[in-house]
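Q: Hi! I have a model open here and would like to talk it through with you. Could you have a look?

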Amino acid sequence: MTGDAALGRRLVAASDAQGRRLQRRLHDGAQQRLVQTVITLKLARAALGEQDGPAVTLVDEALTHAQRGLAELRAVVHAIMPSALGREGLRAGVDSLAAELGVAVDIDIAVPRLDDRSLETTAYLVVAEALAGAVTRVRVRARVADGVLEVEVRGGDGGRHLLAGPGLAALRDRLTANGGRLAVDGTVVRAWLPVA
């Protein structure tokens, strides 16, 4: 591995580690405080019972805002890195991602846990970027063959979306830093990453 490639891999790994730290801090800090706030507001509302007036209105409004804030924070934490990806690997991460889409996703991923979590994260980000523009049924396939992790997202207009969006350059840079490459052809997005 050349010095530039090693530097690129270290930068990607450092970025991933920073993302995981941020996710943990949000989950263990701000998210837990919001959960406690929601619980406290629910208890306050229950204590007010059938009363009416400005205090009840304020508690109801605060509870609504706290619940919305909690939902938004959870979405941010999930967007940084879905916990399923970190716990169980690429298949679980893509399953989690697909569950949030409004289109059907056929998933065919036969990839074991990789020692290099950065490669799992990179493969996940390829799928996430391709699915971001999905408007019709999509097929996601991933395999490790001959020391290469191959990822393919077919259909759903994801390739056209990726070419038109701002994420393509960052994704190519990330793949290059990991010794991989990306090809976008119409509605097909493919990536190849060498597995050490």
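Q: Which residues have the most contacts inside the largest nonpolar core?
A: Val 140 and Leu 182 do, in a core of 33 residues. A nonpolar core here is a set of buried Ala, Val, Leu, Ile, Met, Phe, Trp, Tyr and Cys residues joined through side-chain atoms within 4.5 Å. Buried means under 20% relative accessible area, exposed over 50%, and partly exposed in between, with a 1.4 Å probe and protein chains only.

Q: And which elements supply at least two residues of this core each?
A: Helix 4 (90–99), strand 1 (105–110), helix 5 (117–131), strand 2, strand 3, helix 7 (167–177), strand 4 (181–185) and strand 5. Helix 5 gives the most, with 7 residues. These helices (H or I, at least four residues) and strands (E, at least two) are DSSP runs, numbered from the N terminus.

Q: Before I go on, where does the model come from, and how are things counted?
A: It is a predicted model, where local features need pLDDT of at least 70 and side-chain atom pairs count only at pLDDT 80 or more, while totals for chains, interfaces and linings use all residues. Residues are numbered from 1 along each chain as its sequence is written, and side-chain values use heavy atoms, with hydrogens and water left out.

Q: Thanks! What is Val 140 in contact with, leaving aside neighbours within four places in sequence?
A: Its contacts (heavy atoms within 4.5 Å) include Val 94, Ile 107, Ile 109, Val 127, Leu 131 and Val 153. Asp 106, Asp 108 and Glu 152 are also among them.

Q: What does a second, separate core include?
A: That one has 8 residues, including Val 38, Leu 41, Ala 66 and Leu 70.

Q: New topic, the sheet. What is the strand order?
A: The order is 1-2-3-5-4, in an open sheet of 5 strands with mixed pairing. Strand 1 and strand 4 stand at the edges with a single partner strand each, so one side of each has no neighbour in the sheet. Two strands pair if DSSP finds at least two bridges between them.

Q: Do me a favour and go through the pairs. How many bridges join strand 1 to strand 2?
A: There are 6, and these two strands run parallel. Ile 109 has Ala 142 in strand 2 as its bridge partner. Ala 142 is also partnered by Val 151 in strand 3. Strand 2 (residues 138–145) and strand 3 (residues 148–155) are antiparallel, joined by 8 bridges. Strand 3 then pairs with strand 5 (residues 188–194) over 7 bridges, again in the antiparallel sense, and Glu 150 stands opposite Trp 192 there.

Q: What's in the turn between strand 2 and strand 3?
A: The two strands form a hairpin with 2 residues between them, and Asp 146 in the turn has a positive phi of about 50°. Most residues other than glycine have a negative phi. Asp 146 counts as exposed because its relative accessibility is 81%.

Q: Now helix 4. Where does it lie?
A: Helix 4 lies across strand 1 and strand 2, at about 170° to strand 1. Angles run from 0 to 180 degrees between N-to-C directions, and axes are lines fitted to C-alpha atoms, for helices over the stretch in contact. Helix 4 is largely enclosed by the rest of the structure, because 7 of its 10 residues are buried. Leu 90, Val 94 and Leu 97 are among those buried residues.
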